[in-house]
Amino acid sequence: MSLYARARRHAWRMMGVLAAGVVLVVLVDRLAGHSTLAFAAAILMLLIANAPMLGFNCPTCGKNAFFRGVLVVPWPNRRCTRCGSDLDAPAPQNR
Ligand SMILES: [Zn+2]
C-alpha cells in the first residue's frame, strides 16, 4: 500500500475521532452542564489519535505528507511538496 493510501486512511480515522470528540463534548455539556474537562479530554484524545501522523514521511526527503510548507493540513499530499516524489507509488521502500 502506498504512503498516500495509508495517510489517507489515517485522515479518515482522524475524522471519526474528531466526530466522536464533538459528540462527547456535546453529550457531557447536555448531561452535566458546560465542562472544560470534557473539552480537555476530547483534545487529548485527538492528540493521541493523531500521533501516527508524524510517521507519514516522504521516502525520499523525509518531509511529512501532512505538511504544506509550514502549515499542517488534515489531508495528505499525493505528491511531496518538497522534492515532488509521487507518494501514491505502490512500493515507496524500493527506492
Ligand atoms: Zn519528498
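## Exercises on burial, packing and overall form

Val-73 has 13 C-beta neighbours inside 10 Å, so it counts as partly exposed. The cut-offs are 20 or more other C-beta atoms within 10 Å for buried and 12 or fewer for exposed, with partly exposed in between; C-beta atoms are placed from the backbone. The model is predicted: local features need pLDDT of at least 70 and side-chain atom pairs count only at pLDDT 80 or more, while totals for chains, interfaces and linings use all residues. Residues are numbered from 1 along each chain as its sequence is written.

**Exercise 1.** Place Val-73 in the chain and find what it touches beyond its sequence neighbours.

*Solution.*
- Val-73 lies in the segment after β2. Helices (H or I, at least four residues) and strands (E, at least two) are DSSP runs, numbered from the N terminus.
- Setting aside residues up to four places away in sequence, Val-73 touches Phe-66 and Arg-68. Contact requires C-beta atoms, placed from the backbone, to lie within 7 Å.
- Ile-43 is 30 residues from Val-73 in sequence, and their C-alpha atoms are 17 Å apart.

**Exercise 2.** Check whether the end-to-end distance of helix α1 agrees or disagrees with its residue count.

*Solution.*
- Helix α1 covers residues 3-32, which is 30 residues.
- The expected span is 1.5 Å times one less than the number of residues, and for α1 this comes to 44 Å.
- The end C-alpha atoms of α1 are 42 Å apart, which agrees.
- Within α1, the residues Leu-3, Tyr-4 and Ala-7 are buried.
- Gly-33 follows α1 and has a positive phi, near 85°.

**Exercise 3.** Describe how α1 packs against helix α2, and say which kinds of residue form the contact.

*Solution.*
- Two packed helices are described by the angle between their axes and the distance between the axes.
- For α1 and α2 (residues 36-50) the angle is about 170° and the axes are 9 Å apart. Axes are lines fitted to C-alpha atoms, for helices over the stretch in contact, and angles run from 0 to 180 degrees between N-to-C directions.
- Angles over 145 degrees count as roughly antiparallel, under 35 as roughly parallel, 65 to 115 as roughly perpendicular and the rest as oblique. The two helices are therefore roughly antiparallel to each other.
- From α1 the contact takes in Met-14, Val-17, Leu-18, Gly-21, Leu-24, Val-25 and Val-28, which meet Ala-38, Phe-39, Ala-42, Met-45, Leu-46, Ala-49 and Asn-50 of α2.
- These residues divide into 12 nonpolar, 2 polar and no charged. Here Ala, Val, Leu, Ile, Met, Phe, Trp, Tyr, Cys and Pro count as nonpolar, Asp, Glu, Lys and Arg as charged, and the others, Gly among them, as polar.

**Exercise 4.** Is Gly-21 buried, partly exposed or exposed, and which residues does it touch?

*Solution.*
- Gly-21 lies in helix α1.
- Its 19 C-beta neighbours inside 10 Å make Gly-21 partly exposed.
- Not counting residues up to four places away in sequence, Gly-21 touches Ala-42, Met-45 and Leu-46.
- Leu-44 is 23 residues away from Gly-21 in sequence, at 9.6 Å from C-alpha to C-alpha.

**Exercise 5.** Compare the radius of gyration of the protein with the globule rule.

*Solution.*
- The protein has 2 helices and 2 strands, in the order α-α-β-β from the N terminus on.
- The radius of gyration is 17 Å, well over the 12 Å that the rule gives for 95 residues, so the protein is more spread out than a compact globule. The radius is taken over C-alpha atoms, and the rule is 2.2 Å times the number of residues to the power 0.38.
- The C-alpha trace spans about 55 × 25 × 15 Å along its principal axes.
- Of the 95 residues, 14% count as buried.

Notes. Two residues are in contact if their C-beta atoms, placed from the backbone, lie within 7 Å.
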